[in-house]
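Here is a walk through the packing of one protein chain, with an eye on rings, helices and contacts. Have the viewer open while you read.

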Amino acid sequence: MDEKKTETGFKPDIGLDFGIKTTITTSEGEKFDIQVRESERLKGLQKKLARQKKGSRSWYATRHLIRREYEKLANRRRAKANQVYHDITVGRKLIVMQDENIKGWHKGLFGRQVQSSALGTLKSKLKASDNVLIIDRFFPSTRMCPDCGVIKEDITLSDRTFICDCCGYTEERDVKSAKTMLLAGRHEMSCTLVERKCTPEEQMSDFDTSYEIWKHSAKRPQMGKSPEVPSSEH
């Protein structure tokens with residue numbers, strides 16, 4: 001996919017939304033499916049192993065073949081993560097993502113789908129990149145309107161389109177989440193410049209103001225307690 005570069009020679013800044021079904025959605029509307037599902041051969045070997053006598057020579061031989069299949073899957077997932085990482089990061093100055101609890105997702109309703117994806121590997125690679133900015137895990141990217149900053153409290157998993165009751169902003173849910181994260185990332189950048197510590201009030205958009213209010217009023221999980229798994233956001 002060819003993308004127009006800005007006057008500086010870089011591709012536009014983007015936000016990334018991590019999800020279950022479409023594993024990565026960008027603020028530009030591009031979607032990446034980075035699931036690598038189990039092969040039919042692996043499923044067949046697992047059934048074969050279940051029928052064999054445990055500890056027998058054939059049982060050990062089948063278990064070895066299963067181990068080889070899992071190694072192939074791991075290699076394919078790493079390759080997939082590397083390719084998507086390259087497609088997303090090359091030529092960009094700023095990429096914004098949320099610090100999603102991928103490990104927690106493994107225990108959720110769609111745990112098997114998460115385990116078959118390269119999300120964890122990709123997240124680790126992105127976090128190590130200098131041009132990636134990480135937004136707080138509990139930022140309501142799915143519920144906050146990127147236009148007026150109002151938080152829509154009644155949105156559910158079945159709502160695939162975000163419609164703001166306040167300003168009427170309408171957008172496909174995951175794309176909107178990615179755009180909201182990008183706005184939050186740009187605001188964070190503007191507040192950490194050397195020449196100014198925070199954006200002046202008169203320069204702040206409705207979203208910026210709402211984001212600042214959220215940062216100072218949001219309740220954080222108590223120390224020692226496991227944070228809520230945010231899989232419902234996707």
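In this predicted model, helix H6 (residues 173-190) and helix H7 pack with their axes 10 Å apart, at an angle of about 80°. That angle falls in the 65 to 115 degree range, so H6 and H7 count as roughly perpendicular to each other. Which residues make the contact? On the H6 side you'll find Thr180, Leu183, Ala184, His187 and Glu188, and on the H7 side Phe207, Asp208, Tyr211, Glu212 and Lys215.

Two of those H7 names are worth following, namely Phe207 and Tyr211. Together with Phe139 and Trp214, Phe207 and Tyr211 form one aromatic cluster. Searching the whole structure turns up 5 aromatic pairs. A pair of aromatic rings is described by the distance of the centres and the angle of the planes. Here are two of the pairs in those terms:

| Pair | Centre distance | Plane angle | Class |
|---|---|---|---|
| Phe139 and Trp214 | 5.4 Å | 70° | edge-to-face |
| Tyr211 and Trp214 | 6.1 Å | 15° | stacked |

Why is the pair of Phe139 and Trp214 edge-to-face? Planes over 60 degrees apart get that label, and the planes here are at 70°, so the pair qualifies. The Tyr211 and Trp214 pair is stacked because its planes, at 15°, are under 30 degrees apart.

The two pairs also sit differently along the chain. Phe139 belongs to the loop between strand E5 (132-135) and strand E6 (161-163), while Trp214 is in helix H7 (residues 206-217), so their pairing ties together parts that are 75 residues apart in sequence. Tyr211 and Trp214, on the other hand, are both in H7, 3 residues apart, or about one turn of the helix. An α-helix has 3.6 residues a turn, so residues three or four places apart point the same way.

Are these rings buried or exposed? Phe139 is buried, with a relative accessible area of 2%. Tyr211 is buried as well, at 3% relative accessibility, and Trp214 is buried with a relative accessible area of 10%.

Rings turn up next to charges, too. The charged end of Lys176 sits over the ring of Phe162, 4.7 Å from its centre. Likewise, the charged end of Lys125 sits over the ring of Tyr85, 4.8 Å from its centre.

Phe162 leads back to the loop between E5 and E6, because Phe162 is one of the residues in contact with Ile155, where contact means heavy atoms within 4.5 Å. Ile155 is found in that loop and is buried, with a relative accessible area of 14%. Leaving aside neighbours within four places in sequence, Ile155 also contacts Thr142, Arg143 and Arg173. Arg143 is 12 residues from Ile155 in sequence, and their C-alpha atoms are 6.8 Å apart in space.

Glu153 lies in the loop between E5 and E6 as well, but Glu153 is exposed, with a relative accessible area of 59%. Glu153 and Pro140 are 13 residues apart in sequence and 9.6 Å apart in space, C-alpha to C-alpha.

Now back to H6, home of Ala178. How accessible is Ala178? Ala178 counts as buried, at 0% relative accessibility. Not counting residues up to four places away in sequence, Ala178 touches Gly15, Leu16, Asp17, Thr25, Thr26 and Ser27. Take Ser27: Ala178 and Ser27 are 151 residues apart in sequence, yet 4.6 Å apart in space, C-alpha to C-alpha.

Helix H5 (residues 119-127) is a nice one to view end-on. Its buried residues are Leu119, Leu122, Lys123 and Leu126. Seen down the axis of H5, these buried residues fall within an arc of 100°, so they line one face of the helix.

Zooming out, the protein has 7 helices and 7 strands. From the N terminus on, the elements run β-β-β-α-α-β-α-α-α-β-β-β-α-α. Of the 234 residues, 43% count as buried. As for contacts between residues at least 6 apart in sequence, 65% of them join residues at least 24 apart.

Definitions and conventions:
Residues are numbered from 1 along each chain as its sequence is written. This is a predicted model: local features need pLDDT of at least 70, side-chain atom pairs count only at pLDDT 80 or more; totals for chains, interfaces and linings use all residues. Side-chain values use heavy atoms; hydrogens and water are left out. Rings of Phe, Tyr and Trp (its six-membered ring) pair if their centres lie within 6.5 Å; planes under 30 degrees apart count as stacked, over 60 as edge-to-face and the rest as tilted. Helices (H or I, at least four residues) and strands (E, at least two) are DSSP runs, numbered from the N terminus. Buried means under 20% relative accessible area, exposed over 50%, partly exposed in between (1.4 Å probe, protein chains only). A charge sits over a ring if NZ of Lys or CZ of Arg is within 6 Å of the ring centre and within 35 degrees of the ring normal. The arc is that of the directions from the helix axis to the C-beta atoms. Axes are lines fitted to C-alpha atoms, for helices over the stretch in contact, and angles run from 0 to 180 degrees between N-to-C directions. Angles under 35 degrees count as roughly parallel, over 145 as roughly antiparallel, 65 to 115 as roughly perpendicular and the rest as oblique.
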